[in-house]
Amino acid sequence: MRTLSKEILNDISSIYGDSFYILDSDVFENNYQALTSAFTKYYPNFNIAYSYKTNYVPKLVKIVDRLGGYAEVVSDMEMQTALKAGVPYERIIWNGPVKNKENLKSFLLQGGTANVDSPAEFEYIKEIATNNLDKELNIGIRCNYEVGDGVLSRFGVDIDSEDFDYILSEIKVIHNINLIGLQAHFAKRSPEYWTKRTEGMFRAYKHVREKYGFKVKRLDIGGGIYGDMPETLRTQLKVEKTCFEDYAVRSAKLFAEYFNDIEDAPTLLVEPGTAIAADSMRYVCRVETIKTVRGKTIASANGSQKNISLSGLNPPMEVIVGGDKQETYEDVDIAGYTCIESDYIYKGYSGKLGIGDYLVYSNCGSYSLVMKPPFIFTNVPVLDISKDEVEVIKRAETFEDLFTTYTF
Ligand SMILES: Cc1ncc(COP(=O)(O)O)c(C=O)c1O
């Protein structure tokens with residue numbers, strides 16, 4: 001990760017403005033490779049289906065495609081992003097509880113894989129299959145089972161239910177539907193739930209193989225993996241220090257044992273987002289004002305909590321001199337540009353600070369850019385600085401970009 005100096009930031013700021021995201025695509029690529037190595041060490045038949053929703057900048061999704069990974073999308077918007085980035089239909093997996101019907105039909109007819117989330121969705125897929133007997137449709141089933149994380153997930157089909165057996169028995173008699181995968185995802189990122197995640201998937205696999213004779217090609221156990229995180233963030237999130245090995249040992253290692261003597265052993269897929277994207281992006285803004293209100297020192301920045309989608313936490317922040325003069329402060333709350341009272345991007349800062357200083361927030365690559373609402377300000381550019389030149393990944397949004405859909 002490149003160190004950001006006052007000189008680098010001044011150069012960037014003079015061209016691109018006071019606030020921007022800094023992407024380091026090499027960090028993303030290294031994370032991808034590190035995660036792959038941790039899992040293939042135990043089970044070589046492994047691949048990544050990158051979670052587009054986490055951060056769908058084309059530069060990143062193209063890296064995934066170049067490295068041979070799949071695109072894991074949850075909307076036609078993301079599916080179109082994958083296609084536009086050059087990902088073939090066969091490498092796209094479409095998850096999610098609500099899929100646009102027309103787009104789902106064309107996606108399946110062109111060779112994409114959709115994971116069925118409910119019996120009603122299966123009925124629609126059945127209709128597509130019976131109306132297109134000359135085409136083979138590839139589907140997976142999102143599996144829902146207990147992993148001991150205290151959450152009753154609303155996604156997928158309960159593998160112990162009649163719904164699961166109904167869908168499987170229907171696939172058995174519809175000859176142009178191929179069940180090529182089983183998939184699951186659980187949001188809690190602690191490795192402690194991963195053994196149950198894996199065992200639940202084995203149970204689903206065994207059921208579809210023994211009762212229905214399906215030899216699925218892919219077992220996808222989802223995302224929910226922590227990546228590298230600064231200590232300050234980890235203590236606030238109250239999470240143990242983890243590494244990719246902690247997840248691999250509870251999944252890939254068990255896969256190697258389970259499929260040791262099984263012919264046609266399936267590919268193990270995981271769907272990381274955060275694990276590979278989070279520390280690949282930083283967010284930069286500058287201090288606009290510093291004032292004291294009823295005894296409390298408040299600085300205002302031209303960036304917002306909305307840019308990093310973190311609330312109630314102090315993100316890892318570095319202050320880099322950018323103005324003419326700094327003073328030493330105690331317990332400053334740094335507020336965002338919105339008119340929301342609670343929009344603070346850092347609370348309780350003590351140290352040197354001045355108007356014009358750069359505030360650099362690290363670990364801003366997951367669910368940040370994609371969740372920034374068009375509230376008060378349009379969004380800022382994304383710049384890749386992994387090479388010597390600054391590469392514009394996304395230009396700053398304009399009034400026209402946002403208001404073109406409104407009728408004046
Ligand atoms: C189906 C699915 N896969 C993968 C992910 C990525 O999760 P994470 O960013 O925790 O790796 C998500 C996140 O919501 C998801 O819903």
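The following exercises, each with a worked solution, concern a predicted model.

**Exercise 1. The ligand shell**

Determine how many residues surround the ligand and how they divide by class.

Solution. Step 1: the ligand is surrounded by 16 residues. Step 2: the closest are Ser 51, His 185, Gly 223, Gly 273 and Thr 274. Step 3: sorted by class, the shell holds 10 polar, 3 nonpolar and 3 charged residues.

**Exercise 2. The two domains**

State the bounds of domain 1 and domain 2, and describe the contact between them.

Solution. Step 1: the domain assignment places residues 6-22 and 279-403 in domain 1, and residues 25-278 in domain 2. Step 2: the centres of the two domains, taken over C-alpha atoms, are 34 Å apart. Step 3: domain 1 gives 17 residues to the contact and domain 2 gives 22. Step 4: on the side of domain 1 that touches domain 2, strands β17 (382-384) and β18 (391-394) each contribute at least two residues. Step 5: by class, the residues on that side of domain 1 are 7 nonpolar, 7 polar and 3 charged.

**Exercise 3. The buried side of helix α3**

Identify the buried residues of α3 (residues 58-66), and explain why they lie on the same side of the helix.

Solution. Step 1: Leu 60, Val 61, Ile 63 and Val 64 are buried in α3. Step 2: these residues lie on the same side of α3 because they cover an arc of only 150° around the axis. Step 3: the buried residues of α3 pack against α2 (25-40), β2 (46-51), β3 (70-73), α4 (76-84) and α12 (274-277). Step 4: just after α3, Gly 68 adopts a positive phi of about 90°.

**Exercise 4. The partners of strand β16**

Establish how β16 (residues 358-361) is joined to β11 (residues 281-293) and to β13 (residues 317-320).

Solution. Step 1: β11 and β16 run antiparallel and are joined by 4 bridges. Step 2: Tyr 358 of β16 has Arg 286 opposite it. Step 3: β13 and β16 also run antiparallel, with 4 bridges between them. Step 4: Glu 318 has Val 360 in β16 as its bridge partner.

**Exercise 5. The setting of Asn 95**

Decide whether Asn 95 counts as buried or exposed, and list its contacts beyond four places in sequence.

Solution. Step 1: Asn 95 sits in the loop between β4 (92-94) and α5 (101-109). Step 2: Asn 95 has 28 C-beta neighbours inside 10 Å. Step 3: burial requires 20 or more, and Asn 95 therefore counts as buried. Step 4: neighbours within four places in sequence aside, Asn 95 is in contact with Glu 72, Val 74, Asn 115, Arg 142 and Gln 183. Step 5: Leu 108 is 13 residues from Asn 95 along the chain, and their C-alpha atoms are separated by 13 Å.

Notes:
Residues are numbered from 1 along each chain as its sequence is written. This is a predicted model: local features need pLDDT of at least 70, side-chain atom pairs count only at pLDDT 80 or more; totals for chains, interfaces and linings use all residues. A residue is near a molecule or strand if its C-beta atom, placed from the backbone, lies within 6 Å of it. Ala, Val, Leu, Ile, Met, Phe, Trp, Tyr, Cys and Pro count as nonpolar, Asp, Glu, Lys and Arg as charged, and the others, Gly among them, as polar. Domain bounds come from an automatic or database domain assignment. Two residues are in contact if their C-beta atoms, placed from the backbone, lie within 7 Å. A residue is buried if 20 or more other C-beta atoms lie within 10 Å of its own, exposed if 12 or fewer, and partly exposed in between; C-beta atoms are placed from the backbone. The arc is that of the directions from the helix axis to the C-beta atoms. Two strands pair if DSSP finds at least two bridges between them.
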